[in-house]
Amino acid sequence: DMTSKKGEGFHTKDKRELCWAARDAYFSCLDVNGEEAANSICAQETKIFNDVCPKSWVVHFRKARRRQQIDDLINEEVAQSREAAMEKKKEEILKAREELKRPNNK
């Protein structure tokens with residue numbers, strides 16, 4: 001039974017691949033339409049994902065997605081901070097070079 005929530009008999013390759021495909025379609029829909037679209041625009045993908053995957057897998061995949069989203073936000077913040085710091089340092093170097101070019105500088 002493909003709608004089993006307990007995962008019994010879920011170890012067949014076909015059932016796992018069906019679950020992964022449903023997960024990918026669900027997450028793709030959310031990526032395009034936003035997380036709030038789960039019960040509206042992505043309702044069909046949500047239903048299929050919940051129906052073909054064991055509940056424990058659904059929970060795991062959602063948590064893993066959320067962790068990845070948080071990691072991505074942190075990495076983006078770090079990259080922006082580094083970029084801003086590099087720009088500031090570049091400006092300081094350019095300013096120091098200009099000061100060195102001034103004739104009255106000793």
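**Entry 1: a pair in α2**

I began with aspartate 51 and lysine 47, which both lie in helix α2, four residues apart, about one turn of the helix. Helices here are DSSP runs of H or I with at least four residues, strands are E runs of at least two, and both are numbered from the N terminus. The two side chains meet in a salt bridge at 2.5 Å, N to O. For that term I used a side-chain nitrogen of Lys or Arg within 4 Å of a carboxyl oxygen of Asp or Glu. An α-helix has 3.6 residues a turn, so residues three or four places apart point the same way.

I then looked up how open each partner is. Aspartate 51 is partly exposed, with a relative accessible area of 24%, and lysine 47 is exposed at 52%. The cut-offs are under 20% relative accessible area for buried, over 50% for exposed and partly exposed in between, with a 1.4 Å probe and protein chains only.

**Entry 2: ground rules**

I noted that this is a predicted model, where local features need pLDDT of at least 70 and side-chain atom pairs count only at pLDDT 80 or more, while totals for chains, interfaces and linings use all residues. Residues are numbered from 1 along each chain as its sequence is written, and side-chain values use heavy atoms, with hydrogens and water left out.

**Entry 3: the whole chain**

I found three helices and zero strands, in the order α-α-α along the sequence. Of the 106 residues in the chain, 21% are buried. The chain exposes about 8400 Å², and carbon and sulfur atoms supply 54% of that; the areas come from the Shrake-Rupley method with a 1.4 Å probe, and for residues only the protein chains shown count as cover.

I also checked contacts, meaning heavy atoms within 4.5 Å. Among those between residues at least 6 apart in sequence, 55% join residues at least 24 apart.

**Entry 4: helix α1**

How far apart are the end C-alpha atoms of α1? I get 30 Å for residues 13-33, which agrees with the span expected for 21 residues at 1.5 Å a residue. That expected span is 1.5 Å times one less than the number of residues.

Next I listed the buried residues of α1: Lys15, Cys19, Ala22, Tyr26, Phe27, Cys29 and Leu30. They cover an arc of only 155° around the axis, which puts them on the same side of α1; the arc is taken from the directions from the helix axis to the C-beta atoms. This buried set packs against α2 (43-52) and α3. On the face turned away from the buried side I found the exposed residues Lys13, Asp14, Asp31 and Val32. After α1 comes glycine 34, with a positive phi near 95°.

**Entry 5: leucine 30**

I picked leucine 30 in helix α1 for a closer look. At 3% relative accessibility, leucine 30 counts as buried. Leaving out residues up to four places away in sequence, leucine 30 touches Glu35, Ala37, Ala38, Cys42 and Arg65. I also took the C-alpha separation between leucine 30 and glutamate 45, 15 residues apart along the chain, and got 9.3 Å.

**Entry 6: more salt bridges**

Side chains of opposite charge can pair when their charged atoms come close. My count comes to seven salt bridges.

Which side chain does arginine 65 meet in a salt bridge at 2.9 Å, N to O? The partner is aspartate 31. This pair links distant parts of the chain, with arginine 65 in helix α3 and aspartate 31 in helix α1, 34 residues apart. Arginine 65 is buried at 14% relative accessible area, whereas aspartate 31 is exposed at 54%. I also see Asp31, Glu35 and Arg65 linked in a network of salt bridges.

Glutamate 98 and lysine 101 meet at 3.8 Å, N to O. Both lie in helix α3, three residues apart, about one turn of the helix. Glutamate 98 is partly exposed at 45% relative accessibility, and lysine 101 is exposed at 64%.

**Entry 7: a nonpolar patch**

Last, I looked at the surface patch of about 230 Å² made by Ile70, Ile74 and Val78. Patches use residues with over 30% relative accessible area and no salt bridge; like charges are joined within 9 Å, and nonpolar side chains (Val, Leu, Ile, Met, Phe, Trp, Tyr) within 5 Å. Valine 78 sits in helix α3, residues 55-101, and counts as partly exposed at 34% relative accessibility.
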